Amino acid sequence: MASVKIKNLDKAAKRIKEAVKKREQIIIYADADVDGVSSAIILKESISNLASSLLEEGQSLPPIQFYFPNRKIEGYGLNKEALEFFGEKFPVAEKQNKKTKKPAGLLITLDCGITNFEEISKAKEMGFFVLLVDHHQILDKVPEADIIVDPNQKGDKSFKSFANAGLAFNLAKEILGDSMSKGLRLSFLELAALATIADMMPEIEENSDIILEGLSDIQNSQRPGIKVFFEIFSSKDFSSKRDLISKMISVLNAASVRPDHQHECYLLLTAGNYDLAKMTAEFLLEKSIRHREEVRGLEEEVKYIINSKNGSPIIFEGSKNWNIELLGAVASRIVREFQKPVFLYATSEETSRGSVRAPKGVDVVKAMSDSADLLEMFGGHPPAAGFTVRNDNLEKFKEKLIDYFSKKK
Ligand SMILES: [Mn+2]
């Protein structure tokens, strides 16, 4: 796999090894979707495996804090409130930092971070060493992180279409080298395969290798949280293994972030025993059924609104009653039917947050770059992205987008 090395992957692995040796505080801050959660598990388990080979007997693992931001409350990506929470939780480290000028710890962002300019600068000011691992598009500059791994950055000649968990798998290989057992490798590939499919990354080159190998024996996975799906679903209801995997992903997608910033999907995929895995999987299955009904309902509502208007090159709709967590799924369905860029947003008091999906060949990140001065935040992949905009800029943003897409035609 991975013929051309991913830029800075060696530096990232070296820095993680150093943190383990020095038992530094490590914070894993990952996006709360299947890709982010899979990335977090791969990294955490690489660190545990590394630690068991590096540390002397009796020494413990470096302290690891997980944080999955709740998209509904905190939005997408790294946020300042979360950083303040880390500052309060690890005040000793912060004080130490002022005296010794040593980093307060290692903050690793997974599947997010590349558009968090201010937040990353703040983390640096707080004394964190910031390692950013993301696969989203680069805007006109990159944040001031200490190490950036993102195949889209300048000077990176590697494969561009990895899911973030594909990057995490390559990072794991770099960290563990020959000490990665066959079993562990397969277990990581299963997660990377699920994430690559869940993130709808193109199934070409390295990604097709990841999927092929990762799904090869997934029905016998070492993870109770994966294996359980092959028992709660009856295989006769599915035309293929791949079909069952899609259903499994739709269940995983229904998982939420808990108030303590732990993630239900993380808990399922790392469950140590079968009973816990079964209970969690069944709970998520129920939730995914409700979730799907909500998506369908919202889809109907959006279609009703847009059918009353036509001629616009884009679909741009929002409401204060819509659930941001469903908008990506709804926008994907609307795009398939209308073949236009779709911007759906949920409005709160001062700002609106939205999900964007586009037909093949349309780059919505580029389209939004044209309105960068109107936006609080935006980013993503060419066909699937997100934004935050102040409500007083919503109309201007819409007009600029209409203008942009009218000219393109
Ligand atoms: Mn991702």
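This is a short talk on one protein model, going from the overall fold to a few single residues.

Two points on the ground rules. Numbering starts at 1 along each chain, in the order its sequence is written. The model is predicted, so local features need pLDDT of at least 70, side-chain atom pairs count only at pLDDT 80 or more, and totals for chains, interfaces and linings use all residues.

Overall picture. The protein has 17 helices and ten strands. Both are DSSP runs, numbered from the N terminus: helices are H or I with at least four residues, strands are E with at least two. The C-alpha atoms fill a box of roughly 70 × 60 × 40 Å along the principal axes. The radius of gyration is 21 Å, which agrees with the value near 22 Å for a compact globule of 409 residues. That radius is taken over C-alpha atoms, and the globule rule is 2.2 Å times the number of residues to the power 0.38.

Burial next. I call a residue buried if 20 or more other C-beta atoms lie within 10 Å of its own, exposed if 12 or fewer, and partly exposed in between, with C-beta atoms placed from the backbone. By that rule, 45% of the 409 residues are buried. Contacts use the same backbone-placed C-beta atoms, and a pair counts within 7 Å. Take the contacts between residues at least 6 apart in sequence: 67% of them join residues at least 24 apart.

Now strand 3. It covers 105–110, and six of its six residues are buried. G105, L107 and T109 point one way. L106, I108 and L110 point the other way. Which strands pair with strand 3? Strand 1, residues 26–30, pairs with strand 3 in the parallel sense over five bridges. Strand 4, residues 128–133, also pairs with strand 3 in the parallel sense, over six bridges. Pairing here requires at least two DSSP bridges between two strands. On the strand 1 side, I27 stands opposite L107. On the strand 4 side, T109 stands opposite L132. From strand 3 the chain crosses through helix 6 to strand 4, and this β-α-β crossover is right-handed. Right-handed means that, with the strands pointing away from the viewer, the path from the first strand over the helix to the second runs clockwise.

Stay with L110, in strand 3. L110 has 29 C-beta neighbours inside 10 Å, so it counts as buried. Beyond its neighbours within four places in sequence, its contacts include I28, A30, L43, V133, N164 and A168. For a distance across the model, try L110 and V335: they are 225 residues apart along the chain, and their C-alpha atoms are separated by 27 Å.

What follows strand 3? D111 lies in the loop between strand 3 and helix 6 (117–125). D111 has a positive phi of about 65 degrees, although it is not a glycine. Is D111 buried or exposed? It is buried, with 30 other C-beta atoms within 10 Å.

Compare E205. Its phi is positive too, about 40 degrees, and it is not a glycine either. E205 sits in helix 9, residues 205–215. With 15 C-beta neighbours inside 10 Å, E205 counts as partly exposed.

Two helices now. Helix 7 runs over residues 164–176, and its end C-alpha atoms are 18 Å apart, which agrees with the 18 Å its 13 residues should span. The expected span is 1.5 Å times one less than the number of residues. Twelve of the 13 residues in helix 7 are buried. Among them are N164, F169, E174 and L176. After helix 7 comes G177, with a positive phi near 50 degrees.

Helix 14 takes in residues 274–307, 34 in number. Its first and last C-alpha atoms are 48 Å apart, close to the 50 Å expected. Its buried residues are A277, T280, A281, L284, H291, L298 and V302. An α-helix has 3.6 residues a turn, so residues three or four places apart point the same way.

Last, the open sheet. Five strands, order 6-7-8-10-9, mixed pairing. Strand 6 (315–319) and strand 9 (375–381) are at the edges with a single partner strand each, so one side of each is left without a neighbour in the sheet. Neighbouring strands are turned by 15 degrees against each other on average, direction ignored. Axes for that angle are lines fitted to C-alpha atoms, for helices over the stretch in contact, and angles run from 0 to 180 degrees between N-to-C directions. Strand 6 and strand 7 (residues 342–347) run parallel, joined by five bridges. There, I315 stands opposite V342.

Note on methods:
Contact = placed C-beta atoms within 7 Å.
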